[in-house]
Amino acid sequence: MENFAADLSTMIRRPLEADHIAALRKRGKVFEFETGEIVQEPGRDIALFHFVLSGELEFFDPKTFKGVGGATLRAGQFFGDLQFLSGGVALVGARATENSEVLCIPRGDVLQLMSDLPEMSDIIVTVLAARRRRAVEASDSALTLIGTEVSSDIRHVASFAARNRIPYREIEITSDEARALAADCGIENAHPGVIFGRDLKIDPPTPRGVARALGLHLEMSQNCTFDVLIVGGGPAGVAAAVYAGAEGLKALVLEDMAIGGQAGTSSRIENYMGFPTGISGGDLVGRGEVQAMKFGTRFSVPRRAVTLRQCPEKWFHATLDDGQEVNARALIVATGVQYRKLPLEGLERFENAGIYYSATELEARYCRNREVAVIGGGNSAGQAAMFLARTTRHVHVLIRGDTLAASMSDYLLQRLNAHPRITIHTRTQVQGLHGDKTLEKITIYDGASGQNWDLRTGALFVMVGAAPNTTWLSGVVALDAKGFVLTGADVEAGSQFETSCPGIFAVGDVRAGSVKRVASAVGEGSVVMSAVWAHVNG
C-alpha cells in the first residue's frame, strides 16, 4: 500500500543543484557555529532554512538533549521537516557536532524560491516529507503523551496527532519516566498529561492546546485577510487549496479535527485512480496538504467556523469557535458530512473509551485480539472491517437493512463475505451500551428474530449516516431540506458550484446533488477554482 511519503532509509536522495545553492546564497547569510552550539532551538518558530556548507549538524531531542534519527547532516544537506512548510515550531533541535558553516535563508525567501524553481521544490519537499514519515513511525518527537491507556482525553489528543501526522510518543502513567516528567512539569503523580519538550505542560491537554504549542493553530490578527477562505480540510477542501495556491491566491484552510476529513478515517482506498495497491484516506489527502503548503496555502487546525456574515463591501467575515474572525473575498464551503451520533444513553461518556468514529492504526491498537463491532453499510465501514480483521479476534458488521449490495462496492462486499473473521449481521440495531469507565458490552436488537443479544466488546466503530456540517451557514446561503448546500441551477447561480450568495462556493459531499466519493470531491475542489479566481479578480 502507498504511504504518505518516501521511506527515508531507502530513498535515493538528490542533492540541491549548483544553481539552487547559488539562488539560496543570494538571499541568505553564512554563519559559523562552534562544536555544540545550537543552530535551531526546539520549540521555537522555524524562521530560517539551514543549509550546511561545511562541518556537521545533528538533530537532538529537547527532552534528553541526545541525538535522534541515527544520522547527521553534512555539506550539501539541510535541516527541517514539514513544520518548515506549515510555519510551525521545530519539533527537534539542531546543533553543530563540529565547527560548521551554515547558510541561513529566511523562510519566506525559500518558499518563494520553491515556487519559482520546481526542481528545487521537489528535492526539498521529498526530504521534508520523508523525515516526517520517519519521525512518526519511530515516535521521535518532543511531544509526549502520558496515560493514553487510562484517559479518554489523552486518547483524543493521540487521535488528533496521529490523524495529522504529528509525531508523538506515549509512556505509561505508572512508569518511572512518567513520574520524572510529571515532576518536572508540576503534574500530580499518576495523572494523565501532555508535555512538549522537557518541561512544558500543555494545559488543558486538548488538540487545540497541542496545536498552539506546535504553531499549527495560526493566531489571526484583526487585519488578517485572504483572497479565499476554505472551510473544511477533506479531499474537496485540500484540492481547492492546491489550486488556490497554484493560481497565486492567498488562501487559508480551516479544519476542525484533522486534515483528511471523513476520508481520513478510511484505512485503505483501493478504487482511487493512480494507486493500484491502495492508500489510506489520511495519506492521500496528506499528500495534497503538502502540495498546497508548497504553493503557499496556510492551514489551521483544529478550527471551526461558527457564524458567517457579509459586510457592505462584500467581504466575508467568518467567526471561529475561539472568537477570532477571518476575512476573505471569497469562501469555499467544503465541510463535508459527519457520521451521525447514535441516540444511545452513555454515548458521549464512551467516546474515545470504546466508541470510535475512525479505524486507523491508533484505534486498532486499543482492540487487538478482541471482538469488535462496526456499524455502517458504506465503503468506509467495509474498509474499517477489513482493516480491523487483521489484528482483532472477530469483526461484527451491523446493518439495519437486508443487504449491502446497494451501498458498498462489490469488490469490498466480496472480501467481507469471504473473510473468516468477519460476520455481517443484517436487520440489526445497537440498543444499549454498557461499562464503567470504558465500553465493555453492547446490546443488539435482531430484527429477524425479534430478540436482543449481547456482544462483549470494548470497541464499537460508528460509521453510519451523513449529516452535513452547515449550521453555521444558516441564513446566508440556501440549503435543501436535509441541510446540504444548493448550488448552480438550483439557485440560479452564475456557475455550477456557486451558491445563492455570490462569492460563496460549495464543493464535495456538503453540496446538494454531489456524488459522495473521494474522486468526485477532489474533482469539484479542483474545478471550482476558476470561478473563485474570476470572483476575486473580477
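Okay, one definition before anything else: I'll call a residue buried when its relative accessible area is under 20%, and exposed when that figure is over 50%. Keep those cut-offs in mind. And a caution, too: this is a predicted model.

Let's start with a sheet. Four strands make up an open sheet, and going across, the order is 2-6-4-5, with antiparallel pairing. On the edges you have strand 2, residues 38-40, and strand 5, residues 67-73, and each of those pairs on one side only. Going from one strand to the next, the twist averages 30 degrees.

Now look at strand 4, residues 57-60. On one hand, strand 4 pairs with strand 6, residues 93-96, antiparallel, over 4 bridges. If you want a landmark there, find F60: its bridge partner in strand 6 is G93. On the other hand, strand 4 is joined to strand 5 by 3 bridges, again antiparallel. The landmark for that pairing is E58, whose bridge partner in strand 5 is T72. Strands 4 and 5 also form a hairpin, with 6 residues between them. Check out F65 in that turn, because the backbone does something you might want to look at: F65 has a positive phi of about 65 degrees.

Let's stay with E58, since its side chain has a partner as well. Which residue meets E58 in a salt bridge? That's R95, with 2.7 Å from N to O. In sequence these two are 37 residues apart, R95 being in strand 6 and E58 in strand 4, so the pair links distant parts of the chain. Are they buried or exposed? R95 is buried, because its relative accessible area is 16%. E58 comes out at 18%, which means that E58 is buried too.

As background, side chains of opposite charge can pair when their charged atoms come close. In this model the count of salt bridges comes to 24.

Here are two others to set beside that one. R390 forms a salt bridge with E361, and the closest N and O atoms are 3.3 Å apart. R390 sits in the loop between helix 12, residues 379-388, and strand 21, residues 394-398, while E361 belongs to helix 11, residues 361-366. They are 29 residues apart, and the pair links distant parts of the chain. Both R390 and E361 are exposed.

Then there's R511 with E524, another salt bridge, and here the closest N and O atoms are 2.8 Å apart. R511 lies in the loop between strand 28, residues 504-506, and helix 14, residues 518-527, and E524 is in helix 14, so the pair ties together parts that are 13 residues apart in sequence. R511 is buried, and E524 is buried as well. There's also a small cluster to look up on your screen: E56, R74 and E98 are joined into one network by salt bridges that share partners.

Okay, on to empty space. How many cavities of 30 Å³ or more does a search of the whole structure find? It finds 2. The largest cavity holds about 250 Å³ of space. Its lining has 21 residues, and the closest to the centre are S86, N164, L216, E289 and M293. Helix 2 (83-86), helix 9 (281-294) and strand 14 (298-300) each supply at least two residues of that lining. By class, you get 11 nonpolar, 6 polar and 4 charged residues.

Next, a pocket. The second largest pocket has a volume of about 1000 Å³. Of the 40 residues lining that pocket, the closest to its centre are S280, D283, T360, E361 and L362. You've met E361 already, as the salt-bridge partner of R390. Several elements give two or more residues to this lining, including helix 5 (152-163), strand 9 (169-171), helix 9, helix 11, helix 12 and helix 13 (410-418). Which helix gives the most? Helix 4 does, with 4 residues. The class split for this pocket is 13 nonpolar, 12 polar and 15 charged residues.

One last stop, another hairpin. Strand 24, residues 439-446, pairs with strand 25, residues 451-456, in the antiparallel sense over 6 bridges. To find your way in, go to Y445, whose bridge partner in strand 25 is N452. Between the two strands of this hairpin there are 4 residues, and G450 in the turn has a positive phi of about 75 degrees.

That's my tour; let's take questions.

Key:
Residues are numbered from 1 along each chain as its sequence is written. This is a predicted model: local features need pLDDT of at least 70, side-chain atom pairs count only at pLDDT 80 or more; totals for chains, interfaces and linings use all residues. Side-chain values use heavy atoms; hydrogens and water are left out. Two strands pair if DSSP finds at least two bridges between them. Axes are lines fitted to C-alpha atoms, for helices over the stretch in contact, and angles run from 0 to 180 degrees between N-to-C directions. On a 1 Å grid over the protein atoms alone, a cavity is a set of points where a 1.4 Å probe fits but cannot get out, and a pocket is an open set with protein on both sides within 12 Å along at least five of seven lines; lining residues have an atom within 4 Å of a point. Grid points are joined across faces, edges and corners, and a volume is the space filled by probe spheres set on the points. Ala, Val, Leu, Ile, Met, Phe, Trp, Tyr, Cys and Pro count as nonpolar, Asp, Glu, Lys and Arg as charged, and the others, Gly among them, as polar. A salt bridge is a side-chain nitrogen of Lys or Arg within 4 Å of a carboxyl oxygen of Asp or Glu. Buried means under 20% relative accessible area, exposed over 50%, partly exposed in between (1.4 Å probe, protein chains only).
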